Amino acid sequence: MKYFTKEVKIGLTGIIAIAILFIMLNFLKGINLFQSSNTYYISFSDAKGLTKSSPVYANGYSIGIVRDIIYDYNKPGNVLIQIDADPKLKIAKGSSANLIAEVLGGCTMNLQLANATDGYYAPGDTIKGSDESGLMAKAETLVPKVEEIMNKVDSLLTNLNTLTSDPNIAEILENTKHVTENLNKSSADLQKLLQDDVPALTNKINRIGDNVITLTDQLNSLDLKAPLAKADTTLFYLQQMSAKLNSKDNTLGLLLNDTTMYWSVEETIGSANNLLIDLKENPKRYVHFSVFGRK
(Lines give C-alpha, C1' and ligand atoms only; values in the text may rest on other atoms or scores of the structure.)
Protein backbone atom coordinates (compact mmCIF):
# COMPACT_ATOMS: atom_id res chain seq x y z
CA MET A 1 0.00 0.00 0.00
CA LYS A 2 3.06 2.18 0.19
CA TYR A 3 2.88 2.58 -3.59
CA PHE A 4 -0.50 4.32 -3.45
CA THR A 5 0.78 7.58 -2.30
CA LYS A 6 -1.18 10.77 -2.41
CA GLU A 7 0.38 11.78 -5.74
CA VAL A 8 -0.44 8.41 -7.36
CA LYS A 9 -4.02 8.57 -6.21
CA ILE A 10 -4.36 12.07 -7.66
CA GLY A 11 -2.88 10.91 -10.98
CA LEU A 12 -5.11 7.86 -11.20
CA THR A 13 -8.13 9.99 -10.40
CA GLY A 14 -7.21 12.43 -13.19
CA ILE A 15 -6.70 9.63 -15.70
CA ILE A 16 -10.03 8.07 -14.79
CA ALA A 17 -11.72 11.45 -15.03
CA ILE A 18 -10.17 12.10 -18.46
CA ALA A 19 -11.27 8.66 -19.64
CA ILE A 20 -14.79 9.19 -18.38
CA LEU A 21 -14.85 12.64 -20.03
CA PHE A 22 -13.64 11.14 -23.32
CA ILE A 23 -16.27 8.43 -23.14
CA MET A 24 -18.97 10.97 -22.32
CA LEU A 25 -17.96 13.28 -25.17
CA ASN A 26 -18.08 10.41 -27.67
CA PHE A 27 -21.38 9.28 -26.24
CA LEU A 28 -22.78 12.76 -26.76
CA LYS A 29 -21.54 12.58 -30.34
CA GLY A 30 -23.38 9.30 -30.77
CA ILE A 31 -20.24 7.16 -30.68
CA ASN A 32 -20.44 4.11 -28.49
CA LEU A 33 -16.90 3.01 -27.72
CA PHE A 34 -18.12 -0.23 -26.22
CA GLN A 35 -20.05 -1.32 -29.33
CA SER A 36 -18.36 -2.82 -32.37
CA SER A 37 -19.03 -1.38 -35.84
CA ASN A 38 -17.99 -1.80 -39.47
CA THR A 39 -16.21 1.06 -41.21
CA TYR A 40 -17.02 2.03 -44.80
CA TYR A 41 -15.94 4.90 -47.01
CA ILE A 42 -18.23 6.82 -49.35
CA SER A 43 -16.94 9.11 -52.11
CA PHE A 44 -18.69 12.43 -52.84
CA SER A 45 -17.80 15.46 -54.92
CA ASP A 46 -19.21 17.78 -52.26
CA ALA A 47 -19.76 17.19 -48.54
CA LYS A 48 -22.62 19.76 -48.55
CA GLY A 49 -22.07 20.79 -44.95
CA LEU A 50 -22.10 17.26 -43.56
CA THR A 51 -20.53 17.14 -40.10
CA LYS A 52 -18.93 14.45 -38.00
CA SER A 53 -21.22 12.38 -35.80
CA SER A 54 -24.13 13.03 -38.17
CA PRO A 55 -26.49 10.05 -38.34
CA VAL A 56 -26.51 7.75 -41.35
CA TYR A 57 -29.88 6.39 -42.43
CA ALA A 58 -30.95 3.39 -44.49
CA ASN A 59 -34.59 3.48 -45.56
CA GLY A 60 -35.26 6.07 -42.84
CA TYR A 61 -33.65 4.01 -40.06
CA SER A 62 -30.44 5.11 -38.32
CA ILE A 63 -27.76 2.46 -38.95
CA GLY A 64 -24.64 4.37 -38.01
CA ILE A 65 -22.84 7.69 -37.78
CA VAL A 66 -20.31 9.73 -39.73
CA ARG A 67 -16.93 9.00 -38.15
CA ASP A 68 -14.79 11.34 -40.21
CA ILE A 69 -14.73 13.52 -43.34
CA ILE A 70 -11.49 13.26 -45.31
CA TYR A 71 -10.44 15.15 -48.41
CA ASP A 72 -9.33 12.66 -51.06
CA TYR A 73 -5.95 13.96 -52.17
CA ASN A 74 -5.59 11.07 -54.60
CA LYS A 75 -8.71 12.26 -56.44
CA PRO A 76 -8.84 16.07 -56.23
CA GLY A 77 -12.38 17.33 -56.08
CA ASN A 78 -13.65 14.30 -54.13
CA VAL A 79 -14.34 13.84 -50.44
CA LEU A 80 -14.28 10.55 -48.52
CA ILE A 81 -16.87 10.14 -45.80
CA GLN A 82 -15.96 7.55 -43.21
CA ILE A 83 -18.97 5.95 -41.58
CA ASP A 84 -19.38 3.44 -38.79
CA ALA A 85 -22.30 1.12 -39.49
CA ASP A 86 -24.02 -1.51 -37.46
CA PRO A 87 -22.12 -4.77 -37.95
CA LYS A 88 -25.41 -6.57 -38.50
CA LEU A 89 -26.01 -4.45 -41.61
CA LYS A 90 -24.88 -5.99 -44.87
CA ILE A 91 -24.49 -3.50 -47.70
CA ALA A 92 -25.02 -5.14 -51.10
CA LYS A 93 -22.84 -4.19 -54.01
CA GLY A 94 -24.59 -1.69 -56.24
CA SER A 95 -25.88 0.30 -53.27
CA SER A 96 -25.27 4.04 -53.16
CA ALA A 97 -25.41 6.90 -50.69
CA ASN A 98 -27.07 10.29 -51.05
CA LEU A 99 -26.44 13.59 -49.29
CA ILE A 100 -29.66 15.53 -48.78
CA ALA A 101 -29.53 19.19 -47.75
CA GLU A 102 -32.08 20.10 -45.09
CA VAL A 103 -34.34 23.16 -45.10
CA LEU A 104 -32.93 24.65 -41.91
CA GLY A 105 -29.34 23.86 -42.80
CA GLY A 106 -27.21 20.81 -42.31
CA CYS A 107 -27.12 17.64 -44.31
CA THR A 108 -28.08 14.00 -43.82
CA MET A 109 -26.79 10.84 -45.45
CA ASN A 110 -29.13 8.15 -46.71
CA LEU A 111 -28.05 4.74 -47.99
CA GLN A 112 -29.92 3.36 -50.99
CA LEU A 113 -29.58 -0.40 -50.49
CA ALA A 114 -29.60 -2.57 -53.60
CA ASN A 115 -30.55 -6.21 -53.98
CA ALA A 116 -27.81 -8.68 -53.12
CA THR A 117 -27.08 -10.06 -56.60
CA ASP A 118 -23.33 -9.41 -56.78
CA GLY A 119 -22.39 -9.95 -53.16
CA TYR A 120 -21.77 -7.47 -50.34
CA TYR A 121 -19.26 -4.75 -49.54
CA ALA A 122 -16.58 -5.73 -47.06
CA PRO A 123 -15.69 -3.39 -44.17
CA GLY A 124 -13.22 -0.79 -45.43
CA ASP A 125 -14.61 -0.78 -49.00
CA THR A 126 -15.57 2.45 -50.75
CA ILE A 127 -19.22 2.91 -51.67
CA LYS A 128 -20.26 5.14 -54.53
CA GLY A 129 -22.02 8.34 -53.52
CA SER A 130 -24.53 10.27 -55.62
CA ASP A 131 -25.67 13.87 -55.24
CA GLU A 132 -29.40 14.31 -54.64
CA SER A 133 -31.03 17.70 -54.59
CA GLY A 134 -32.89 18.36 -51.38
CA LEU A 135 -35.62 20.88 -50.80
CA MET A 136 -33.21 23.78 -50.45
CA ALA A 137 -31.36 22.84 -53.62
CA LYS A 138 -34.65 22.68 -55.48
CA ALA A 139 -35.56 26.01 -53.98
CA GLU A 140 -32.31 27.46 -55.31
CA THR A 141 -33.23 26.28 -58.80
CA LEU A 142 -36.63 27.94 -58.42
CA VAL A 143 -35.18 31.31 -57.44
CA PRO A 144 -34.25 32.35 -61.02
CA LYS A 145 -37.73 31.36 -62.21
CA VAL A 146 -39.32 33.31 -59.37
CA GLU A 147 -37.19 36.34 -60.25
CA GLU A 148 -38.27 36.03 -63.88
CA ILE A 149 -41.90 35.81 -62.83
CA MET A 150 -41.50 38.83 -60.54
CA ASN A 151 -40.01 40.81 -63.42
CA LYS A 152 -42.99 39.90 -65.58
CA VAL A 153 -45.37 40.82 -62.76
CA ASP A 154 -43.59 44.15 -62.32
CA SER A 155 -43.86 44.81 -66.07
CA LEU A 156 -47.52 43.84 -65.98
CA LEU A 157 -48.21 46.20 -63.07
CA THR A 158 -46.38 49.01 -64.89
CA ASN A 159 -48.50 48.45 -68.00
CA LEU A 160 -51.61 48.28 -65.85
CA ASN A 161 -50.76 51.59 -64.18
CA THR A 162 -50.16 53.13 -67.59
CA LEU A 163 -53.46 51.78 -68.82
CA THR A 164 -55.45 52.98 -65.81
CA SER A 165 -53.91 56.45 -66.05
CA ASP A 166 -55.11 56.82 -69.64
CA PRO A 167 -57.92 59.46 -69.77
CA ASN A 168 -59.72 57.43 -72.43
CA ILE A 169 -60.44 54.70 -69.89
CA ALA A 170 -63.22 56.75 -68.31
CA GLU A 171 -64.86 57.29 -71.70
CA ILE A 172 -64.52 53.60 -72.52
CA LEU A 173 -66.10 52.67 -69.21
CA GLU A 174 -68.94 55.15 -69.81
CA ASN A 175 -69.55 53.67 -73.27
CA THR A 176 -69.48 50.23 -71.74
CA LYS A 177 -72.09 51.36 -69.24
CA HIS A 178 -74.34 52.60 -72.05
CA VAL A 179 -73.85 49.38 -73.98
CA THR A 180 -74.77 47.40 -70.87
CA GLU A 181 -77.90 49.49 -70.36
CA ASN A 182 -78.92 48.95 -73.99
CA LEU A 183 -78.32 45.25 -73.65
CA ASN A 184 -80.44 45.17 -70.51
CA LYS A 185 -83.22 47.01 -72.33
CA SER A 186 -82.99 44.69 -75.31
CA SER A 187 -83.06 41.74 -72.96
CA ALA A 188 -86.19 43.11 -71.28
CA ASP A 189 -87.88 43.65 -74.67
CA LEU A 190 -86.91 40.17 -75.76
CA GLN A 191 -88.26 38.73 -72.55
CA LYS A 192 -91.52 40.61 -73.01
CA LEU A 193 -91.73 39.35 -76.59
CA LEU A 194 -91.16 35.79 -75.43
CA GLN A 195 -93.77 36.15 -72.69
CA ASP A 196 -96.54 37.93 -74.66
CA ASP A 197 -96.21 37.75 -78.44
CA VAL A 198 -94.62 34.36 -78.89
CA PRO A 199 -97.31 32.49 -76.90
CA ALA A 200 -100.07 34.28 -78.87
CA LEU A 201 -98.36 33.45 -82.15
CA THR A 202 -97.92 29.87 -81.01
CA ASN A 203 -101.62 29.63 -80.19
CA LYS A 204 -102.53 30.95 -83.65
CA ILE A 205 -100.23 28.47 -85.31
CA ASN A 206 -101.74 25.71 -83.22
CA ARG A 207 -105.26 26.77 -84.27
CA ILE A 208 -104.22 26.88 -87.92
CA GLY A 209 -102.74 23.43 -87.54
CA ASP A 210 -105.96 22.18 -85.96
CA ASN A 211 -107.99 23.67 -88.85
CA VAL A 212 -105.72 22.03 -91.40
CA ILE A 213 -106.13 18.71 -89.64
CA THR A 214 -109.93 19.17 -89.59
CA LEU A 215 -109.95 20.07 -93.29
CA THR A 216 -107.83 17.05 -94.07
CA ASP A 217 -110.16 14.82 -92.12
CA GLN A 218 -113.17 16.27 -93.95
CA LEU A 219 -111.51 15.72 -97.33
CA ASN A 220 -110.74 12.15 -96.34
CA SER A 221 -114.35 11.62 -95.34
CA LEU A 222 -115.74 12.87 -98.70
CA ASP A 223 -116.79 10.27 -101.30
CA LEU A 224 -115.03 11.46 -104.44
CA LYS A 225 -115.49 8.29 -106.45
CA ALA A 226 -118.88 9.27 -108.00
CA PRO A 227 -117.78 12.79 -109.07
CA LEU A 228 -114.58 11.40 -110.50
CA ALA A 229 -116.55 8.77 -112.43
CA LYS A 230 -118.87 11.46 -113.83
CA ALA A 231 -115.88 13.57 -114.79
CA ASP A 232 -114.37 10.56 -116.59
CA THR A 233 -117.66 10.00 -118.44
CA THR A 234 -117.83 13.69 -119.45
CA LEU A 235 -114.26 13.59 -120.72
CA PHE A 236 -115.09 10.44 -122.67
CA TYR A 237 -118.07 12.16 -124.38
CA LEU A 238 -115.94 15.21 -125.11
CA GLN A 239 -113.36 13.01 -126.72
CA GLN A 240 -116.04 11.35 -128.87
CA MET A 241 -117.46 14.77 -129.88
CA SER A 242 -114.02 15.99 -130.79
CA ALA A 243 -113.40 12.88 -132.85
CA LYS A 244 -116.70 13.37 -134.72
CA LEU A 245 -115.96 17.02 -135.37
CA ASN A 246 -112.64 16.00 -136.87
CA SER A 247 -114.22 13.32 -139.10
CA LYS A 248 -116.24 13.89 -142.32
CA ASP A 249 -118.97 11.29 -141.75
CA ASN A 250 -121.40 13.80 -140.22
CA THR A 251 -122.82 17.24 -140.99
CA LEU A 252 -120.76 19.19 -138.45
CA GLY A 253 -117.65 17.33 -139.55
CA LEU A 254 -118.31 18.24 -143.16
CA LEU A 255 -118.98 21.88 -142.25
CA LEU A 256 -115.73 22.06 -140.26
CA ASN A 257 -113.53 19.98 -142.53
CA ASP A 258 -114.96 20.32 -146.11
CA THR A 259 -113.58 23.46 -147.80
CA THR A 260 -115.93 23.15 -150.79
CA MET A 261 -118.92 24.17 -148.71
CA TYR A 262 -116.90 27.03 -147.28
CA TRP A 263 -116.08 28.38 -150.70
CA SER A 264 -119.70 27.87 -151.91
CA VAL A 265 -121.00 29.82 -148.95
CA GLU A 266 -118.36 32.43 -149.55
CA GLU A 267 -119.38 32.68 -153.22
CA THR A 268 -123.11 32.89 -152.33
CA ILE A 269 -122.42 35.68 -149.85
CA GLY A 270 -120.41 37.51 -152.51
CA SER A 271 -123.24 37.17 -155.05
CA ALA A 272 -125.78 38.39 -152.51
CA ASN A 273 -123.59 41.34 -151.74
CA ASN A 274 -123.28 42.24 -155.43
CA LEU A 275 -127.04 41.89 -155.78
CA LEU A 276 -127.66 44.30 -152.94
CA ILE A 277 -125.21 46.80 -154.40
CA ASP A 278 -126.93 46.58 -157.82
CA LEU A 279 -130.33 46.87 -156.15
CA LYS A 280 -129.28 50.09 -154.46
CA GLU A 281 -127.85 51.54 -157.68
CA ASN A 282 -130.65 50.42 -160.05
CA PRO A 283 -133.81 49.93 -158.06
CA LYS A 284 -136.02 50.47 -161.15
CA ARG A 285 -134.58 47.43 -162.68
CA TYR A 286 -136.15 45.29 -159.99
CA VAL A 287 -139.11 47.33 -158.62
CA HIS A 288 -141.91 48.98 -160.69
CA PHE A 289 -144.28 51.31 -158.70
CA SER A 290 -146.83 53.92 -159.96
CA VAL A 291 -149.39 55.98 -158.04
CA PHE A 292 -151.80 56.45 -160.91
CA GLY A 293 -151.15 53.22 -162.57
CA ARG A 294 -149.74 52.50 -165.96
CA LYS A 295 -151.22 52.04 -169.38
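Start with Phe236, which is partly exposed, its relative accessible area being 42%. Keep in mind as you look at it that this is a predicted model. The next residue to find is Tyr237, and here the label changes: with 52% relative accessibility, Tyr237 counts as exposed. Why do two values like these get separate labels? Because exposed means over 50% relative accessible area, while partly exposed covers the range between that and the 20% under which a residue is called buried.

Phe236 and Tyr237 both carry rings, so let's turn to those. How many aromatic pairs does a search of the whole structure find? There are two. One of them is made by Tyr71 and Tyr73: their ring centres are 5.1 Å apart and their planes stand at 70 degrees, so this pair is edge-to-face. Tyr71 is partly exposed at 40% relative accessibility, whereas Tyr73 has a relative accessible area of 68% and is exposed. Then there are Phe236 and Tyr237 again: the centres of their rings lie 6.0 Å apart with the planes at 55 degrees, so the pair is called tilted. The cut-off explains the two names, because planes over 60 degrees apart count as edge-to-face. Another ring worth finding belongs to Tyr120, where the charged end of Lys90 sits over the ring, 5.9 Å from its centre.

Now step back and look at the whole chain. The protein has seven helices and seven strands. Follow the sequence along and you meet them in the pattern α-β-β-β-β-β-β-β-α-α-α-α-α-α. And how much of the protein counts as buried? The figure is 15% of its 295 residues.

Next, pick out strand β1, residues 38-44. This one is mostly covered, with five of its seven residues buried. Which way do β1 and strand β4 (residues 78-85) run? They are antiparallel, and seven bridges join them. To see one of these partnerships for yourself, find Ser43 and look across to Leu80 in β4, its bridge partner.

Strand β4 comes up again when we look at charges. The structure holds two salt bridges. In one, the side chains of Arg67 and Asp84 meet, with 2.5 Å from N to O. Arg67 is in strand β3 and Asp84 in strand β4, so this pair links distant parts of the chain, 17 residues apart. Are the two partners buried or exposed? Arg67 is partly exposed, at 30% relative accessible area, but Asp84 has just 8% and is buried.

The other salt bridge joins Asp68 and Lys52, whose closest N and O atoms are 3.2 Å apart. Asp68 belongs to strand β3 (residues 61-72), while Lys52 sits in the loop between β1 and β2 (55-58), so the pair ties together parts that are 16 residues apart in sequence. Asp68 counts as partly exposed because its relative accessibility is 21%, and the limit for buried is under 20%.

Finish your tour at a nonpolar patch on the surface. Which residues make it? They are Ile149, Val153, Leu157, Leu160 and Leu163, and together they give a patch of about 430 Å². Take Leu163 as your way in: you'll find it in helix α2, which covers residues 135-164. With 48% relative accessibility, Leu163 counts as partly exposed. That is enough for a place in the patch, because patch residues need over 30% relative accessible area.

Notes. Residues are numbered from 1 along each chain as its sequence is written. This is a predicted model: local features need pLDDT of at least 70, side-chain atom pairs count only at pLDDT 80 or more; totals for chains, interfaces and linings use all residues. Side-chain values use heavy atoms; hydrogens and water are left out. Buried means under 20% relative accessible area, exposed over 50%, partly exposed in between (1.4 Å probe, protein chains only). Helices (H or I, at least four residues) and strands (E, at least two) are DSSP runs, numbered from the N terminus. Two strands pair if DSSP finds at least two bridges between them. Patches are made of residues with over 30% relative accessible area and no salt bridge: like charges are joined within 9 Å, nonpolar side chains (Val, Leu, Ile, Met, Phe, Trp, Tyr) within 5 Å. Accessible areas come from the Shrake-Rupley method with a 1.4 Å probe; for residues, only the protein chains shown count as cover. A salt bridge is a side-chain nitrogen of Lys or Arg within 4 Å of a carboxyl oxygen of Asp or Glu. Rings of Phe, Tyr and Trp (its six-membered ring) pair if their centres lie within 6.5 Å; planes under 30 degrees apart count as stacked, over 60 as edge-to-face and the rest as tilted. A charge sits over a ring if NZ of Lys or CZ of Arg is within 6 Å of the ring centre and within 35 degrees of the ring normal.
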